[in-house]
Amino acid sequence: QVRLVESGGGLVQAGGSLRLSCAASGRTSTRNVMGWFRQTPDKEREFVAGITWNGGNTAYAESVEGRFGISRDNAKSTVYLQMNGLQPEDTDVYSCAAGGQFYSLQPLRAPGEYDYWGQGTQVTVSS
């Protein structure tokens, strides 16, 4: 079992930055692929970024490429999402997820490929 707890959300003006954190606990958390997704009640869950277990390979949604950066610190069992150049359309609840085969070298984009989810943290960008 893996437990995920997100933090770092908040209100920011357009053009600003936030860094989200996802603290993972559980025996296998450092061996999983990790990802960030976002969702509002009227939209489907959207892939934002993914990272392999060792941080060696990352993937991003086209809408955030060049503005967001995903990283992980396995010593702290934490995954980060650095968000720069935020825009109002980035307003959403951001959730982290863990899954995939242990030691997989491919990030995962589909929500169904993840096994564990956090509760989410709200990010609001004002114009």
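Select Cys96 first: this residue is buried, with a relative accessible area of 1%. The model shown here is predicted, and the tour below moves outward from this cysteine to the sheet, the core and the aromatic residues.

**Stop 1: the disulfide**

Keep Cys96 selected and add Cys22. The two residues form a disulfide, with their sulfur atoms 2.0 Å apart. A search of the whole structure finds one disulfide, and this is the pair to display. Cys22 lies in strand E3 and Cys96 in strand E9, so that distant parts of the chain, 74 residues apart, are linked. Cys22 also counts as buried, at 0% relative accessibility. Which hand does the disulfide have? The torsion about the S-S bond of Cys22 and Cys96 is about 55°, and the disulfide is therefore right-handed.

**Stop 2: the four-stranded sheet**

From Cys22, extend the selection to the whole of strand E3 (18-25), then show its neighbours. E3 belongs to an open sheet of four strands, ordered E1-E3-E8-E7 with antiparallel pairing. At the edges are E1 and E7, each of which pairs on one side only. From one strand to the next, the twist averages 15°.

Begin at the E1 edge by selecting residues 3-7. One face of this strand, Leu4 and Glu6, is covered, whereas Arg3, Val5 and Ser7 make up the uncovered face. E1 pairs with E3 in the antiparallel sense over five bridges. Two positions can be checked by eye: Ser7 has Ser21 in E3 as its bridge partner, and Val5 stands opposite Ala23 in E3.

Ala23 also leads to the next strand, as its bridge partner in E8 is Thr78. E3 and E8 run antiparallel and are joined by six bridges. Select E8 (78-83) in full. Is this strand enclosed or open to the surroundings? Five of the six residues of E8 are buried, so the strand is largely enclosed by the rest of the structure.

Finish the sheet at E7 (68-73). E7 and E8 pair in the antiparallel sense over six bridges, and Ile70 has Leu81 in E8 as its bridge partner. These two strands form a hairpin with four residues between them. Within the turn, select Ser77, which has a positive phi of about 50°.

**Stop 3: the nonpolar core**

Leu81 serves as the entry to the interior. The largest nonpolar core has 33 residues, and those with the most contacts inside it are Trp36, Leu81, Met83 and Tyr94. Elements giving two or more residues to this core include strands E3, E4 (33-39), E8 and E9 (92-99). Strand E11 (121-126) is also one of the contributors.

Centre the view on Trp36, which is found in strand E4. Trp36 is buried, with a relative accessible area of 0%. For a sense of scale, draw a distance from Trp36 to Gln87: the two are 51 residues apart in sequence and 17 Å apart in space, C-alpha to C-alpha.

**Stop 4: the aromatic residues**

Now display the aromatic side chains. The structure holds five aromatic pairs. One of them joins Trp53 and Tyr103, an edge-to-face arrangement with 4.8 Å centre to centre and 85° between the planes. Trp53 is in the loop between E5 and E6, and Tyr103 is in the loop between E9 and strand E10 (114-117); the pair links distant parts of the chain, 50 residues apart. Are these two residues buried or partly exposed? Trp53 is partly exposed, with a relative accessible area of 25%. Tyr103 likewise counts as partly exposed, at 42% relative accessibility.

Next, select Phe37, Phe47, Tyr114 and Trp117 together, as ring pairs link these residues into a cluster. With Trp117 still displayed, add Arg45: its charged end sits over the ring of Trp117, 3.9 Å from the centre of that ring.

For the last selection, show Arg31 and Phe102. Here the charged end of Arg31 sits over the ring of Phe102, 4.8 Å from the ring centre.

Technical notes. Residues numbered from 1 in each chain as written. Predicted model: local features only at pLDDT ≥ 70, side-chain atom pairs only at ≥ 80, totals over all residues. Heavy atoms only, no water. Core = buried A, V, L, I, M, F, W, Y, C linked by side-chain atoms within 4.5 Å. Buried < 20%, exposed > 50% of the residue type's maximum accessible area, 1.4 Å probe, protein only. Phe/Tyr/Trp six-rings, centres within 6.5 Å; stacked < 30°, edge-to-face > 60°. Lys NZ or Arg CZ within 6 Å of the ring centre and 35° of its normal. Pairing = 2+ DSSP bridges. Axes fitted to C-alpha atoms, helices over the stretch in contact; angles between N-to-C directions. Disulfide = S-S within 2.5 Å.
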